[in-house]
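Thanks for coming. I have one structure to go through today, so let me put it on the screen.

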Amino acid sequence: MQLLSDLTCPECGFTSIETMPTQACQYYFECVQCGLLMTPNKGDCCVFCSYGTVPCPPVQVNLSCCE
């Protein structure tokens, strides 16, 4: 299981390497460059599934995310 993901802001394109939580979903993430408060896209469970290079840990092991 991969716990690091490159998270890219949809507003300014800034990318940061972030560690994904294993016990909870991360529904919000604030871009350190432009301050946008990212939330998941419709149909996604967390910001990593929407804006990351690696889906969240539950999705990686074929489980429902955050249920």
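I will start with the overall fold, then go to the core, and end with a few single residues.

Please keep in mind that this is a predicted model. The protein has 2 helices and 4 strands. If you read along the sequence, the pattern is β-β-β-β-α-α. The radius of gyration is 11 Å, close to the 11 Å that the globule rule gives for 67 residues, so the protein is as compact as a globular protein of that length. As for outer dimensions, a box of roughly 35 × 20 × 15 Å along the principal axes holds the C-alpha atoms.

Some totals next. Of the 67 residues, 27% count as buried. The protein exposes about 4,200 Å², and carbon and sulfur atoms supply 50% of that area. If we take contacts between residues at least 6 apart in sequence, 34% of them join residues at least 24 apart.

Now the inside. Which residues make up the largest nonpolar core? There are 12 in all: Leu7, Cys9, Met20, Phe29, Cys31, Met38, Cys46, Val47, Phe48, Tyr51, Val54 and Cys56. Helix α1, residues 47–51, gives the most to this core, with 3 residues.

One member of that core is Val54. Not counting residues up to four places away in sequence, valine 54 touches Gln2, Leu4, Ser5, Met20, Phe48 and Gln60. Of these, Met20 and Phe48 are also on the core list.

Let me stay with helix α1 for a moment, since serine 50 sits in it. Is serine 50 buried or exposed? Serine 50 has a relative accessible area of 17%, and under 20% counts as buried, so this serine is buried. Beyond its neighbours within four places in sequence, serine 50 is in contact with Pro40, Asn41 and Asp44.

On to the strands. Strand β1, residues 4–8, pairs with strand β2, residues 15–19, in the antiparallel sense, over 5 bridges. One of the pairs to look for is leucine 4, whose bridge partner in β2 is threonine 19. The two strands form a hairpin with 6 residues between them, and glycine 13 in the turn has a positive phi of about 85°.

Two residues in β2 are worth pointing at on the screen. The one is threonine 15. How exposed is threonine 15? Its relative accessible area is 40%, which makes threonine 15 partly exposed. Outside its sequence neighbours up to four places away, threonine 15 touches Asp6, Leu7 and Thr8. With threonine 8 there is also a polar contact of 2.9 Å, side chain to side chain. Leucine 3 is another matter: threonine 15 and leucine 3 are 12 residues apart in sequence, and their C-alpha atoms are 16 Å apart in space.

The other is serine 16, also in strand β2. Serine 16 is buried, with a relative accessible area of 13%. Its side chain makes a polar contact of 2.8 Å with the side chain of glutamate 18. Leaving aside neighbours within four places in sequence, serine 16 is in contact with Ser5, Asp6, Leu7 and Phe29. Leu7 and Phe29 belong to the largest nonpolar core.

To recap the two: threonine 15 is partly exposed, while serine 16 is buried. That is what I had on this model.

Terms used:
Residues numbered from 1 in each chain as written. Predicted model: local features only at pLDDT ≥ 70, side-chain atom pairs only at ≥ 80, totals over all residues. Heavy atoms only, no water. Rg over C-alpha atoms; globule rule 2.2 N^0.38 Å. Buried < 20%, exposed > 50% of the residue type's maximum accessible area, 1.4 Å probe, protein only. Contact = heavy atoms within 4.5 Å. Areas by Shrake-Rupley, 256 points an atom, 1.4 Å probe, with all protein chains shown as cover. Core = buried A, V, L, I, M, F, W, Y, C linked by side-chain atoms within 4.5 Å. Pairing = 2+ DSSP bridges. Polar contact = N/O pair within 3.5 Å; in protein donor to acceptor, adjacent residues only side chain to side chain.
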